[in-house]
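Here is a colleague's note for someone meeting this structure for the first time. Please keep the sequence and the model open while reading.

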Amino acid sequence: MSSSDARLTLITRPGCHLCEDAKAALDRVVAVTGDRWIEKDVTGDVELEREYGDRLPVVLLDGKEHGYWRVEEDRLLRDLTTPQL
């Protein structure tokens with residue numbers, strides 16, 4: 001799967017328990033919407049670490065920050081299924 005196929009990106013790091021919770025939440029969301037998500041690990045990526053390091057996990061929707069620490073599943077479902085203006 002390429003990043004161009006995925007509307008959702010999850011910014012994570014190994015050993016992050018909230019990241020594991022977020023992965024499960026994204027799996028539940030995409031099971032409903034049919035969308036895809038990809039994971040980006042901040043380890044070894046200075047830019048990602050600088051931008052998101054203290055707020056992981058971070059969910060990006062269409063390249064824009066949607067939320068961090070916890071996935072707001074209802075809000076994310078709404079935002080994925082509402083046509084963009």
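The numbered points below go through a predicted model, beginning with its strands and ending with a few backbone details.

1. A convenient place to begin is the pairing of two strands. Strand β1, made of residues 8-12, runs parallel to strand β2, made of residues 37-41, and the two are joined over 5 bridges. One of the pairs to look for is T12, whose bridge partner in β2 is D41. Between these strands the chain passes through helix α1, residues 17-33, and the resulting β-α-β crossover is right-handed.

2. Helix α1 deserves a closer look, and its length can be checked by simple reasoning. With 17 residues at 1.5 Å a residue, α1 should span 24 Å, and since the expected span is 1.5 Å times one less than the number of residues, the figure follows directly from the residue count. The C-alpha atoms at the ends of α1 are 25 Å apart, which agrees with that expectation. Just after the helix, G34 takes a positive phi of about 80°.

3. Which residues of α1 are buried? They are L18, C19, A22, K23, A25, L26, V29 and V30, and the reader may wish to note that K23 is included in this list. The buried residues of α1 pack against β1, β2 and α3, so that the helix can be followed from its own buried positions to both strands of the crossover and to a further helix.

4. The disulfide should be examined next. The count comes to 1 disulfide, formed by C16 and C19, with their sulfur atoms 2.3 Å apart; because a pair of cysteine sulfur atoms has to lie within 2.5 Å to be counted, this pair qualifies. The link of C16 and C19 is right-handed, with 80° about the S-S bond. Are its two cysteines buried or exposed? C16 is buried, with a relative accessible area of 12%, and C19 is buried as well, at 0%; both values fall under the 20% that defines a buried residue.

5. The nonpolar interior can be described through two cores. The largest has 13 residues, and those with the most contacts inside it are L8, L26, V71 and L76. The elements that give two or more residues to this core are β1, α1, β3 (58-61) and α3 (73-81), and the largest share, 5 residues, comes from α1. Apart from this core lies another, of 10 residues, among them I11, L18, V58 and L60. As general background, nonpolar side chains tend to be buried together in soluble globular proteins.

6. V71 is a useful residue from which to explore the largest core, as it is listed among those with the most contacts there. Leaving aside residues up to four places away in sequence, V71 touches A22, A25, L26, V59 and L76. Of these contacts, A22, A25 and L26 are also listed among the buried residues of α1.

7. Two helix residues are worth selecting individually. T33, in helix α1, is partly exposed, with a relative accessible area of 24%, and, not counting residues up to four places away in sequence, T33 touches L77, L80 and T81. From C-alpha to C-alpha, T33 and D5 are 14 Å apart in space, while 28 residues separate them in sequence. R78, found in helix α3, counts as partly exposed at 48% relative accessibility, and R78 lies 17 Å from A22, C-alpha to C-alpha, with the two 56 residues apart in sequence.

8. The remaining remarks concern the backbone. Most residues other than glycine have a negative phi, and most peptide bonds are trans; the following places therefore merit a careful look. A cis peptide bond, with omega of about -5°, joins L56 and P57, and P57 lies in the loop between α2 (46-52) and β3. D62, although not a glycine, has a positive phi of about 50°; D62 is found in the loop between β3 and β4 (64-68) and counts as partly exposed at 42% relative accessibility. W69, likewise a residue other than glycine, has a positive phi near 70°; W69 is placed in the loop between β4 and α3 and counts as partly exposed at 42% relative accessibility.

Key
Residues are numbered from 1 along each chain as its sequence is written. Side-chain values use heavy atoms; hydrogens and water are left out. Two strands pair if DSSP finds at least two bridges between them. Helices (H or I, at least four residues) and strands (E, at least two) are DSSP runs, numbered from the N terminus. A crossover is right-handed if, with the strands pointing away from the viewer, the path from the first strand over the helix to the second runs clockwise. Buried means under 20% relative accessible area, exposed over 50%, partly exposed in between (1.4 Å probe, protein chains only). A nonpolar core is a set of buried Ala, Val, Leu, Ile, Met, Phe, Trp, Tyr and Cys residues joined through side-chain atoms within 4.5 Å. Contact means heavy atoms within 4.5 Å.
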